[in-house]
Amino acid sequence: MTSTDPNIDTEFLRQKYREERDKRLRTDANDQYLEIVGDFAEYADDPYVEATEREPIFDEVTVAFVGGGFAGLTTGARLVEAGIDVRIIEKGGDVGGTWYWNRYPGAQCDTASMVYMPLLEETGHMPTEKYAKGAEILEHSQRIATHYGLYNNALLSTEVTGAEWDDDTSRWIIRTNRGDEIRAKFLSIGTGPLHRPKLPGIPGVGSFKGHTFHTSRWDYEYTGGDSKGALMTGLADKRVGIIGTGATSVQAVPHLSKACQELFVFQRTPSSIDIRNNHAIDPEWFATLEEGWQQKWLENFTILQTLGFAEEDYVKDGWTDITKRIVARLLADPEPDLSPTGRLAAYYATDDEKMTEIRARVDEIVKDEATAEALKPWYRQLCKRPCFHDDYLDAYNNPSTHLIDTDGKGVERIDETGVWVGDTHYELDCLIYASGFEVGTSFQRRWGFEPIGRDGVGLYDKWDEGMISLHGTHVHGFPNLFIVGPYQAAALISNVPHNLVERGRTLAAVVSHAEAVGAEQVEPTIEAETAWIELLEGGERRFGNDADCTPGYYNNEGALFDAAAIRNSLGYPEGAVAYFSYIEEWRTSGDFKGLEFR
Ligand code: NDP
C-alpha cells in the first residue's frame, strides 16, 4: 500500500531516507556517548537541593521503593490506600523523578495532561493546560506525595547503593550512600528508563573553560529566569551553544532564543516537529466530567494509540492523529488487510503523508531557505521521539538564533573557548548539553546498584542474556522484589504513566494478599516466568529497533539491539490494551497464578 497523494514520490522518499540514515551510521553506536562519572561526575550533581547532614537510619519498613518519580508515587499511593507502609528512597532532593531533574525552560509534557498526569481525580487537581508545564507537573508530584503521606517516611537526597535478600529473615537489606541500613519486607524498583544523563563523546568534551551543564541539571543561577518561563536575563550578554536537537532541545530553544545575545544550535539530526495546539483547560468543562473519567480517558488514548477502534477520541492530538489515520486508511478498503504486513503497509503510506506535512510546515514557518532545508527530518515519524511545538521552528527566524547544521556528522571538537564544526570555530560563553540519557547501557550503570537475591545470585547475572520476569514485575530467585516499568508488560511508550498506574494497582493487590494470608515470601515459579518469556518472545511486540531508521536510542544508534536488548524491550504480544485487561483479571481473580505465597 502506498500513499494515494499524487505529490508523494514513495521511491524518492525511500532512497532519501536511506541516504540520510547511512550518513549517520557509525560503528561506535552507543559507545559514542560518555558516562557521567569520574571527571564528569559533577554534571550529575543535584543543583536544586543541597543534601543536609543526617544520622544513618537502621529500621524496618514493609515496602521500600527505589525512586520517587511517577512509578514510586503511583505505587506508593495504591499501597497507602491498602493500608501498607511504604518508604520512598530517592536520590533527588524531592519527589518528581524526571520532573524533578528536568527543569529546563519550556519543559512540558508531550502527552496530554489529562492522561499523562496520574491520580488527578484522587488528588482533586485540574491540569491548567492541555500540555502542562514542567513546574506544574513537579508540583503535582509533590501533591501526590503530600496527599498520600508519602513524605512522612521518605528518604530524599539518598541513593541506594546495595540491596541484598536475607532468606533467613525474609527481608531485603538496603544500603544507601548515607550509611542507612534498612530492612524491608518488599523491595520495589522504579527508577525510570531515562534517568542517567549522558554526554556526547566529542573530542575535547572536558576542555571547555566557559560555563557548561546538562539540560537535566539546568543552572538558573547562571542563566537567570526560572522553570516557569521567566526570561533568562543572565544570558542577555552571552553567546550560548546547545548541542542536540531532541525533544529536550526543541522545548528549550524557543526560550533560549529570546534570552541569549547569540544562540548556536548544533544539530546532527533534525527532530520532526508536529503541531502542538496547547490551550488552557476550561474549569467549567472539567467540572462536567463524571467520576471515573481519568480511567476512561487512559483507556481511550491507549486504544487509539495502539491501532484500536474507538467511537470518540478524547485526547485528539498528534499521537492519536497518526493512528486514527492508519485505521481510517485500512477501513477505507472494503476488504482490509489486517495482518501485520497489511497494517505495516498502511502505516508506511500514512507516515509518508504525515512526514510530508511536517516538512511542508518547516517551509511555511522558517523564512531562510537553507535553514528550512536543514530542519527537515528525512525519516519515519516514529524512528525518533516525535516532537510537537508551535514556537521551535519560528525561533530560527530570530536573527540572533543560528542553526549550525552538521549534515549528520555532529560537532567535531570542543576546545577551551568553544566548538568546532568543519573549519569553523564557534566561540561561546556557555555550552549546554541536550545530549539525552543512557538507554540500552547495562542495568548496573543505569540503576547504580545490583539487587542480590537468594543464594547470593546477582540480578544482572540472572539477566545476563536480557531481562527475565513474570509480567515485567516478579523475578524467580528474587522473592519479594517488584520491578515497576513498561517492559515485558504493556510496553506503552506514548504514555508511560499508564503502565505505572496499572502496576501500582497490581502491586498493592499482591502485597495486600501476602499480608492477608501471612506470607513471608512471594515469588514467581520458574515455570510461570519461563512461560511468560516464551509468550512474549513468540509475539511481535517490542520497542523500536528498526534497521531502516536513522540512528537514535530507538534502534541502539543504528547498531540494532542484541538478543538481550530485544528481551529487555518486549511487550505483551496482543498489545497494551490486552495486557491491561489480562493483568486486571489476574490481580482481581485472587489466584495470582504463577506466584507462590509462602
Ligand atoms: P535525545 O537523546 O533525544 O537527544 C540527544 C541529542 O544529542 C540528539 O539530537 C543527538 O543527535 C544529539 N547529539 C549527540 N551527539 C552529538 C554530536 N556529536 N553533535 C551534535 N549533536 C549530537 O535527548 P533528549 O534529552 O532530547 O530526549 C531524551 C528523551 O527524553 C526523549 O526521547 C523523550 O523520551 C524524553 N523527553 C520527553 C519530553 C516530554 O515528554 N515532554 C521532553 C524531553 C525529553 P542525533 O539525533 O543525531 O543522535
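The points below comment on a predicted model of one protein chain.

1. Overall size. The chain has 598 residues and a radius of gyration of 24 Å, which agrees with the value near 25 Å that a compact globule of this length would have. Along its principal axes, the C-alpha trace covers about 70 × 65 × 55 Å.

2. Secondary structure and contacts. The chain contains 20 helices and 21 strands. Taking contacts between residues at least 6 apart in sequence, 70% of them join residues at least 24 apart.

3. Burial and surface. Buried residues make up 58% of the 598 in the chain. The exposed area comes to about 24,400 Å², and carbon and sulfur atoms supply 49% of that area.

4. Charge. There are 98 negative side chains and 58 positive ones. The centres of these two sets lie 2 Å apart.

5. Helix α20. This helix runs over residues 576-589, 14 residues in all. From its first C-alpha to its last it reaches 20 Å, close to the 20 Å expected at 1.5 Å a residue. Its buried residues are A576, A578, Y579, F580, I583, W586 and R587. An arginine, R587, is thus listed as buried along with residues such as F580 and W586.

6. Surroundings of α20. Which elements do the buried residues of α20 pack against? They pack against three helices, α10 (293-305), α17 (496-517) and α18 (526-538), and against the strand β21 (595-597). Directly after the helix comes G590, whose phi is positive, near 90°.

7. T74. This residue sits in helix α2, which spans residues 70-81. Its relative accessibility is 2%, so T74 counts as buried, the cut-off being under 20%. Not counting residues up to four places away in sequence, T74 touches P118, L119, L500, V501 and G504. The contacts with L500, V501 and G504 fall within the residue range of α17 (496-517).

8. G162. The residue belongs to strand β4, residues 160-166. Is G162 buried or exposed? With a relative accessibility of 16%, G162 counts as buried. Leaving aside neighbours within four places in sequence, G162 is in contact with I173, I174, R175 and F449. The C-alpha atom of G162 is separated by 39 Å from that of I303, and the two residues are 141 apart along the chain.

9. L307. Phi of L307 is near 65°, a positive value in a residue other than glycine. Where does L307 lie? It is in the loop between α10 and α11 (318-332). L307 has 18% relative accessibility and therefore counts as buried.

10. L560. Here too phi is near 65°, again a positive value in a residue other than glycine. L560 lies in the loop between α18 and α19 (563-568). Its relative accessible area is 30%, so L560 is partly exposed, whereas L307 counts as buried.

11. Points to look at in the viewer. For α20, start from the buried residues, including Y579 and I583, and turn to α10, α17, α18 and β21, against which the buried residues pack. For backbone angles, the residues with positive phi include G590, L307 and L560.

Conventions. Residues numbered from 1 in each chain as written. Predicted model: local features only at pLDDT ≥ 70, side-chain atom pairs only at ≥ 80, totals over all residues. Heavy atoms only, no water. Helix = DSSP H or I, 4+ residues; strand = E, 2+ residues; numbered from the N terminus. Rg over C-alpha atoms; globule rule 2.2 N^0.38 Å. Buried < 20%, exposed > 50% of the residue type's maximum accessible area, 1.4 Å probe, protein only. Contact = heavy atoms within 4.5 Å. Areas by Shrake-Rupley, 256 points an atom, 1.4 Å probe, with all protein chains shown as cover. Lys, Arg positive; Asp, Glu negative; His and termini not counted. Charge placed at Lys NZ, Arg CZ, Asp CG, Glu CD. Expected span 1.5 Å × (residues − 1).
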